[in-house]
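Subject: Handing over the structure

Dear colleague,

I am passing this structure on to you, together with some notes that I hope will help you find your way around it. Please keep it open beside this email while you read.

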Amino acid sequence: MRSAGGYVWADSPLHRAPAAAKLAGLVAAVALVVLASSPLELALAATGVAALVAVSCVGWHAALRALWGLRWFLLVVLCMNALFFSASDPLLSLGPVHLTLAGAAQGARVVVRTALVVVLGTLLTATTRPQQLTSGVRELLRPLARLGVPTEVAALAVGVTVQFVPTLLRESRQLMRAQALRCGGVRSGGIMRRAVSYVRLLVPVFVSAFRRADELSIAMEARGYRIGGRDARPERERRP
């Protein structure tokens, strides 16, 4: 089983399912996860997501990779809710900070919901190629085209985003390794040094993103894309 960017090469029911159906299912699943409030409902939602991971043949490592990158953000969300959500019946009080069971429970619910949504989004990109995602968005938005909504632009934006994000993440990791070899990693030193290191890292990442966007626009123009026109597909795809 190999991976290319965010897509994982495998043969599973999720890989074979139409992209439009997976997008609609993702919207429905996210709505159910957000509406789940009780521990039983969240447990059922987590069981359903775990079943999807098992059926997808993607593997837990690939499915939880994005979640691991958000671990500190999720920890901050949990702590903020636990310390500032409520001031009634505090377990520990320190000025404006009140540690309560209600806040900890609310933080846990938010963290579980966020984690499940992230895993669902990862499964979508891991089982659907960018071209299929673009076609799926186009199919779902096709009824809006009759109302004058630029659906081709939206589909193209989704496809470009899905293709760009893994590339930029890969380049960011390469820049972090190069920076660590030259003058130490971004996680070494004090707070100010870390901040300066991250700023130095963001500049080449943005430069690379703009360069790739410029190259993509030139390539699209060479292939005959007309974003502002009636149809944003290349000319060879518009031929009968």
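What follows is a description of what was found, taken topic by topic.

Please keep in mind from the start that this is a predicted model, and that everything below is computed from it.

I begin with the nonpolar cores. The largest of them has 19 residues, and within it Val58 and Leu67 are the members that touch the most others. Four helices each supply at least two residues of this core, namely α3 (39-56), α4 (60-63), α6 (71-84) and α7 (101-127), and the largest share, 8 residues, comes from α7. If you would like one residue to look at closely, take leucine 67, which is in contact with Leu74, Ala115, Val118 and Val119 once its neighbours within four places in sequence are left aside. Apart from the largest core lies another one, made of 5 residues, including Leu23, Leu133, Val137 and Ala155.

Next comes helix α2, which is a good place to practise some simple reasoning. This helix runs over residues 19-35, and since a helix is expected to span 1.5 Å a residue, its 17 residues should cover 24 Å; the C-alpha atoms at its two ends are indeed 24 Å apart, so the expectation and the model agree. The residues of α2 that are buried are Ala19, Ala20, Lys22, Leu23 and Val33. When you look down the axis of α2, these buried residues fall within an arc of 165°, and therefore they line one face of the helix. On the other side of α2, by contrast, Leu32 and Leu35 are exposed. As for what the buried residues of α2 pack against, the partners are α1 (13-16), α3, α7 and α8 (130-145).

I turn now to the charged side chains, where the count comes to 2 salt bridges. In one of them, the side chains of arginine 16 and aspartate 11 meet at 2.5 Å, taken from N to O. Arginine 16 counts as exposed because its relative accessibility is 55%, and aspartate 11 counts as exposed as well, because its value is 58%; the cut-off to keep in mind here is that exposed means over 50%. The side chains of arginine 211 and glutamate 215 also meet in a salt bridge, at 4.0 Å from N to O. Both of these residues lie in helix α10 (residues 191-223), where they are 4 residues apart, or about one turn of the helix. Arginine 211, at 41% relative accessibility, counts as partly exposed, and so does glutamate 215, at 44%.

Finally, a word on the cysteines. How many disulfides does a search of the whole structure find? The search finds 0. Cysteine 57 is partly exposed, with a relative accessible area of 37%, and cysteine 79 counts as partly exposed too, at 36% relative accessibility. You may want to look at the backbone of cysteine 57, which has a positive phi of about 60° although this residue is not a glycine. Cysteine 57 is found in the loop between α3 and α4.

With best wishes

Terms used
Residues numbered from 1 in each chain as written. Predicted model: local features only at pLDDT ≥ 70, side-chain atom pairs only at ≥ 80, totals over all residues. Heavy atoms only, no water. Core = buried A, V, L, I, M, F, W, Y, C linked by side-chain atoms within 4.5 Å. Buried < 20%, exposed > 50% of the residue type's maximum accessible area, 1.4 Å probe, protein only. Contact = heavy atoms within 4.5 Å. Expected span 1.5 Å × (residues − 1). Arc of directions from axis to C-beta. Disulfide = S-S within 2.5 Å.
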